[in-house]
Amino acid sequence: MKRLPYLLFLILFLGTFSCGKNEKDAVMEDSLPLLITKIQSTSRLYTTEYKVHKIVTHNDQLKLEGSFLGHDFSIDLPAGERKIAIPMDATLKGYIDFAGFSTDNVRRDGNKIELILPDPEVALTSSRIDHEGVKDHVALFRSRFSDEELSSYERQGRASIIRTIPKMGIEVKARENAARVLVPLLQQFGYAEEDITISFRQQFNPDSMVVRDVSRGG
């Protein structure tokens with residue numbers, strides 16, 4: 001009989017703990033729409049920035065081509081070579097667009113929560129030619145490089161930079177830096193840091209990353 005008060009206390013304590021846990025879970029569930037709205041309001045979350053320096057080169061040779069006695073020939077003309085090296089600086093910014101973020105991006109299991117981030121995207125925000133650093137060699141029989149040609153080489157340089165983006169690991173930095181922003185936000189909604197997971201969708205492939213060239217060049 002002496003154990004009866006102790007057992008009653010234990011039952012009441014466990015009942016109170018269970019109710020508290022259920023109430024906390026219900027609060028987290030009810031706050032989920034507010035959490036999603038809060039994340040959506042972030043719009044574009046810029047997570048990383050890369051400065052890229054590239055030297056764009058071009059080399060062309062004036063040739064004399066034709067056919068003689070049924071044989072084709074191609075001869076490099078003396079003083080017919082042109083070549084140029086163009087130093088170019090570009091800025092890349094990795095970001096995550098939360099405009100379409102929804103309940104499909106959230107997984108909850110009790111007190112644990114996982115945010116599956118939208119695929120990271122990259123914007124080439126600026127590019128600039130170092131005109132003072134341009135080196136060229138124009139042979140006697142050739143005309144100098146025109147502004148139109150220089151603009152064309154710069155476009156080629158930007159395209160080359162864009163092709164190398166999947167090898168830069170921008171998506172890794174995007175995840176790490178997004179976590180630094182989102183984890184404190186989730187903690188404000190009652191989640192413990194050890195119960196929070198930030199990830200990308202499993203099918204994400206850096207080679208298919210969306211890249212936007214918004215630079216004006218110059």
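F98 is buried, and F101 is buried as well. In this predicted model, these two phenylalanines make a good doorway into the rest of the fold, so let us start with their rings and work outwards.

## Aromatic rings

A pair of aromatic rings is described by the distance of the centres and the angle of the planes. The model holds three aromatic pairs. Two of them are set out here.

| Ring pair | Distance of centres | Angle of planes | Class |
|---|---|---|---|
| Y46 and Y95 | 5.2 Å | 45 degrees | tilted |
| F98 and F101 | 5.6 Å | 70 degrees | edge-to-face |

Why does the pair of F98 and F101 count as edge-to-face? The planes of F98 and F101 stand at 70 degrees, and an angle over 60 falls in that class. The planes of Y46 and Y95 are at 45 degrees, so that pair is tilted.

The tyrosine pair links distant parts of the chain: Y46 belongs to strand β1 (residues 44–68) and Y95 to strand β2 (residues 71–97), with their positions 49 residues apart. The two partners also have unlike surroundings. Y95 has a relative accessibility of 0% and counts as buried, whereas Y46 is partly exposed at 44%.

One more ring deserves a look. R82 lies over the face of F145, 4.1 Å from the ring centre.

## The chain as a whole

How many helices and strands does the protein chain have? There are three helices and eight strands. Read from the N terminus, their order is α-β-β-β-β-β-β-α-α-β-β. The protein chain has 218 residues, and 33% of them count as buried. Among the contacts with a separation of 6 or more, 81% are between residues 24 or more positions apart.

## A sheet of three strands

Now to a sheet that you can trace by eye. Three strands form an open sheet in the order β3-β4-β7, and the pairing is mixed. β3 (106–109) and β7 (196–200) are the edge strands; each has a single partner strand, so one side of each is left without a neighbour in the sheet. From one strand to the next, the twist averages 15 degrees.

The two pairings run as follows. β3 and β4 are antiparallel, with four bridges. They form a hairpin with two residues between them, and G110 in the turn has a positive phi of about 65 degrees. At this hairpin, D109 has K112 in β4 as its bridge partner.

On the other side, β4 (residues 112–117) pairs with β7 in the parallel sense over five bridges. I116 stands opposite S199 in β7, and L117 stands opposite F200 in β7. Helix α3 (residues 170–188) packs on the sheet and touches β4 and β7; the direction of α3 makes about 150 degrees with that of β7.

## Nonpolar cores

In soluble globular proteins, nonpolar side chains tend to be buried together. Which residues touch the most other members of the largest nonpolar core? They are L115 and L182, in a core of 23 residues. α1 (3–40), β4, α3 and β7 each supply at least two residues of this core, and α3 gives the most, with six residues.

L182 shows how these parts come together. Leaving out residues up to four places away in sequence, L182 touches I39, F98, L115, L117 and I198. F98, met above in the edge-to-face pair with F101, is thus back in the picture as one of the contacts of L182. Another core lies apart from the largest one; it has 17 residues, including V56, I84, L124 and F204.

## Two buried loop residues

Loops have buried residues here too. N105 is in the loop between β2 and β3. Is N105 buried or exposed? With a relative accessible area of 13%, N105 is buried, since the cut-off for buried is under 20%. Its neighbours within four places in sequence aside, N105 is in contact with G100, E114, L115, I116, L117 and P118.

Y191 sits in the loop between α3 and β7. Y191 is buried, at a relative accessible area of 3%. Y191 and N111 are 80 residues apart in sequence, yet their C-alpha atoms are 6.7 Å apart in space.

How values were computed
Residues numbered from 1 in each chain as written. Heavy atoms only, no water. Pairing = 2+ DSSP bridges. Axes fitted to C-alpha atoms, helices over the stretch in contact; angles between N-to-C directions. Contact = heavy atoms within 4.5 Å. Phe/Tyr/Trp six-rings, centres within 6.5 Å; stacked < 30°, edge-to-face > 60°. Buried < 20%, exposed > 50% of the residue type's maximum accessible area, 1.4 Å probe, protein only. Lys NZ or Arg CZ within 6 Å of the ring centre and 35° of its normal. Core = buried A, V, L, I, M, F, W, Y, C linked by side-chain atoms within 4.5 Å.
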